[in-house]
Amino acid sequence: DVLQTNVYELGAVFLKFSRLLNLPLGKLPIVDPSLYIHRFASKLEFGDKTHAVAMTALRLVSRMKRDWMQTGRRPAGICGSALFIAAKIHSFHRTVKE
């Protein structure tokens, strides 16, 4: 968000740096998608139900982890889909673009 850079270009630069520094690509830590839930939920302006929607989204993310649905996907996409579903559960009408 802050860098305003294409994610694929950033990923390509990261891969070049990791090869240059001889970092083992298979052993790098994986980012947990639940770290982004509260930040994204606050931007979607759910009002006083922000916490409830975020908690529902966190439960959805944990279920996705158990079912291996998040493997190979970007954390922001997992968070977005969980928040979209959680918003529908709590009767909020948000679009995919939001």
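Which residues does alanine 54 touch, leaving out those up to four places away in sequence? In this predicted model, the answer is Ile37, His38 and Ala41. Alanine 54 sits in helix α3, and at 0% relative accessibility it counts as buried. That makes a handy way into the fold, starting with the chain as a whole and then coming back to α3.

The chain is built from four helices and zero strands, so reading from the N terminus the order of elements is simply α-α-α-α. Confidence comes first, as with any prediction. The mean pLDDT of the chain is 85, with 96% of the residues at 70 or more. Helix α1 (residues 7–20) has the lowest confidence, with a mean of 84, while α3 has the highest, at 92. As a general caution, predicted coordinates should not be read in detail where pLDDT is low.

What about overall shape? The C-alpha atoms fill a box of roughly 50 × 30 × 20 Å along the principal axes. A compact globule of 98 residues would have a radius of gyration near 13 Å, but this chain comes out at 16 Å. Of the 98 residues, 23% count as buried. The accessible surface is about 7,600 Å², and carbon and sulfur atoms make up 62% of that. Contacts across the sequence are well represented: among those with a separation of 6 or more, 63% link residues 24 or more positions apart.

Back to α3, which runs over residues 50–66. Its 17 residues should span 24 Å at 1.5 Å a residue, and the end C-alpha atoms are indeed 24 Å apart, so expectation and model agree. The buried residues of this helix are Val53, Ala54, Thr56, Ala57, Val61 and Met64. Seen down the axis of α3, they fall within an arc of 160°, and therefore line one face of the helix. The helical repeat helps to picture this: with 3.6 residues a turn, residues three or four places apart point the same way. On the other side of α3, His51, Arg59 and Arg66 are exposed.

What does the buried face of α3 pack against? Its partners are α2 (37–43) and α4 (75–89). Two residues of α3 show this in detail. Alanine 54 makes its contacts with Ile37, His38 and Ala41. Threonine 56, also in α3, touches Ala86, Ile89 and His90, again leaving out residues up to four places away in sequence. With a relative accessible area of 8%, threonine 56 falls under the 20% cut-off and therefore counts as buried. Not everything comes close to alanine 54, though: its C-alpha atom is separated by 17 Å from that of threonine 95, 41 residues apart from it along the chain.

Helix α4 can be read in much the same manner. This helix has 15 residues and reaches 21 Å from its first C-alpha to its last, close to the 21 Å expected at 1.5 Å a residue. Its buried residues are Ile78, Cys79, Ala82, Leu83, Ala86 and Ala87. They cover an arc of only 160° around the axis, so they sit on the same side of α4. These buried residues pack against α2 and α3. One of them, Ala86, is among the residues touched by threonine 56.

The backbone has a few spots worth a look outside the helices. Most residues other than glycine have a negative phi, yet three cases in this model go the other way. Glutamate 45, in the loop between α2 and α3, has a positive phi of about 55° although it is not a glycine. Is glutamate 45 buried or exposed? Its relative accessible area is 64%, which means it lies over the 50% cut-off and counts as exposed. Tryptophan 68, which follows α3, also has a positive phi, near 65°. Serine 91 is in the segment after α4, and just after that helix it takes a positive phi of about 65°. Serine 91 is not a glycine either, and with a relative accessible area of 60% it is exposed.

Notes:
Residues are numbered from 1 along each chain as its sequence is written. This is a predicted model: local features need pLDDT of at least 70, side-chain atom pairs count only at pLDDT 80 or more; totals for chains, interfaces and linings use all residues. Side-chain values use heavy atoms; hydrogens and water are left out. Buried means under 20% relative accessible area, exposed over 50%, partly exposed in between (1.4 Å probe, protein chains only). Contact means heavy atoms within 4.5 Å. The expected span of a helix is 1.5 Å times one less than its number of residues. The arc is that of the directions from the helix axis to the C-beta atoms. pLDDT is the predictor's confidence in each residue, from 0 to 100. The radius of gyration is taken over C-alpha atoms; the globule rule is 2.2 Å times the number of residues to the power 0.38. Accessible areas come from the Shrake-Rupley method with a 1.4 Å probe; for residues, only the protein chains shown count as cover.
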